[in-house]
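Let's walk through this model together, one region at a time. Keep the viewer open and follow along as we go.

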Amino acid sequence: MLRSLYTGWTGMYTEQKRLDVISNNMANATTVGYKKEGVTNQSFDESLTIKIRDKSANWQQEKIGHMPLGVKIGEVYTDYSQGSIRQTDTTYDLALDGPGFFVVNVMDRTGATHESLTRAGSFHITRDGYIVDVDGNHLQSQAGDLQVSVDAGEVVIDEFGNVIEDGEIVDQLLLKDYEDYDYLKKFGDTYYREVNGATEKEAAGLVRQGYTEQSNVNVVNEMVSLINITRAYEANQKVIKSVDNVMELAVSSVGKV
């Protein structure tokens with residue numbers, strides 16, 4: 001009986017975690033450059049069951065065997081598939097058509113800066129000519145923090161990331177890509193950093209100026225997943241309630257005897 005209660009509880013706990021992930025996806029359905037997350041489930045490792053000092057085993061501990069104890073979260077993964085590209089006609093809105101990441105310098109709470117990767121290409125120019133994202137992080141070029149002349153008549157960023165001022169190439173965007181995205185760790189909603197074991201390769205994505213890449217979240221699919229989670233959660237609740245009723249009946253019957 002207690003095993004049934006535990007199994008029902010692990011099912012409810014797992015569905016709650018799945019709900020948190022899907023809710024975050026839906027909250028970021030309109031966030032530029034957001035990549036949706038998913039969850040996998042797996043069974044708990046089987047536990048060894050032992051009969052503890054039971055009369056039938058001559059008051060000795062006896063191994064009964066192994067049994068599973070329900071379900072747990074396997075992993076939370078990121079879906080890096082391409083989102084739709086929307087035209088904005090804004091000079092410093094950039095989208096990557098294909099694999100790769102923009103690189104920005106992100107400052108942490110201690111004041112240290114770290115190179116981070118992002119697909120969120122909503123950039124703008126500061127009064128000093130630096131190109132920054134919505135959080136004020138500097139977009140990186142081959143020369144460092146990308147800076148253009150505020151007096152330039154026209155700034156063009158071509159599909160290869162070349163920064164062109166008044167017809168002259170002055171810099172080039174720093175783009176990165178990796179062999180295996182499993183070696184990227186997510187920070188916040190749209191930032192990533194490489195971890196030990198990451199193998200860098202040339203970014204094949206093309207830069208589209210005047211466009212932004214939208215979130216790859218499909219709201220309809222997420223709604224369907226929410227419905228399935230709700231039903232699974234309710235099913236586990238019913239299991240716990242049924243077992244509780246049986247245990248209550250058993251205790252009452254024993255008391256009458």
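Which residues of strand 17 make up its covered face, and which its uncovered one? In this predicted model, Leu 184 and Lys 186 form the covered face of strand 17 (residues 184-187), while Lys 185 and Phe 187 sit on the uncovered face. The neighbour to look for is strand 18 (residues 191-194), which pairs with strand 17 in the antiparallel sense over four bridges. If you follow Lys 185 across, you will find Arg 193 of strand 18 standing opposite. The two strands form a hairpin with three residues between them, and here Gly 188 takes a positive phi near 65°.

A positive phi in a glycine is one thing; now let us look at other residue types. Most residues other than glycine have a negative phi. Two aspartates in this model go the other way. Asp 89 is not a glycine, yet has a positive phi of about 65°. You can find Asp 89 in the loop between strand 5 (85-87) and strand 6 (94-97). Its relative accessibility is 63%, and because exposed means over 50%, Asp 89 counts as exposed. The second case is Asp 166, with a positive phi of about 50° although this residue is not a glycine either. Asp 166 lies in the loop between strand 14 (162-165) and strand 15 (168-172). With a relative accessible area of 55%, Asp 166 is exposed as well.

The loop that holds Asp 166 leads us to a sheet. Strands 13, 14 and 15 make an open sheet of three strands in the order 13-14-15, with antiparallel pairing. Strand 13 (155-157) and strand 15 stand at the edges, and each has a single partner strand, so one side of each is left without a neighbour in the sheet. From one strand to the next, the twist averages 30°. Three bridges join strand 13 to strand 14, and the two run antiparallel. To see this pairing at the residue level, pick Ile 157, whose bridge partner in strand 14 is Val 163.

Next, turn to helix 1 (residues 2-27), where Tyr 6 lies. Tyr 6, Trp 9 and Tyr 13 make a nonpolar surface patch of about 330 Å². Tyr 6 itself is partly exposed, with a relative accessible area of 35%.

Now for the charged contacts. How many salt bridges does the model have? The count comes to eight, and three of them make good stops on this tour. Start with Lys 36 and Asp 79, which form a salt bridge whose closest N and O atoms are 3.9 Å apart. The cut-off for a salt bridge is within 4 Å, worth keeping in mind for this pair. Lys 36 and Asp 79 link distant parts of the chain, 43 residues apart: Lys 36 is in the loop between helix 1 and strand 1 (37-43), and Asp 79 in the loop between strand 4 (71-78) and strand 5. Lys 36 is buried, at a relative accessible area of 19%, because buried means under 20%. Asp 79, at 23%, is partly exposed.

The second stop is a salt bridge between the side chains of Asp 97 and Arg 208, with an N to O distance of 3.3 Å. This pair also links distant parts of the chain: Asp 97 is in strand 6 and Arg 208 in strand 20 (residues 206-209), 111 residues apart. Both ends are partly exposed, Asp 97 with a relative accessible area of 33% and Arg 208 with 28%.

Our last stop is Glu 213 and Arg 119, whose side chains meet in a salt bridge at 2.8 Å, N to O. Glu 213 lies in strand 21 (residues 211-213), and Arg 119 in the loop between strand 8 (113-118) and strand 9 (124-125), so this pair, 94 residues apart, again links distant parts of the chain. Are these two residues buried or exposed? Glu 213 counts as buried at 0% relative accessibility, and Arg 119 is buried too, with a relative accessible area of 5%. Salt bridges that share partners join Lys 35, Arg 119 and Glu 213 into one network.

Note on methods
Residues are numbered from 1 along each chain as its sequence is written. This is a predicted model: local features need pLDDT of at least 70, side-chain atom pairs count only at pLDDT 80 or more; totals for chains, interfaces and linings use all residues. Side-chain values use heavy atoms; hydrogens and water are left out. Buried means under 20% relative accessible area, exposed over 50%, partly exposed in between (1.4 Å probe, protein chains only). Patches are made of residues with over 30% relative accessible area and no salt bridge: like charges are joined within 9 Å, nonpolar side chains (Val, Leu, Ile, Met, Phe, Trp, Tyr) within 5 Å. Accessible areas come from the Shrake-Rupley method with a 1.4 Å probe; for residues, only the protein chains shown count as cover. Two strands pair if DSSP finds at least two bridges between them. Axes are lines fitted to C-alpha atoms, for helices over the stretch in contact, and angles run from 0 to 180 degrees between N-to-C directions.
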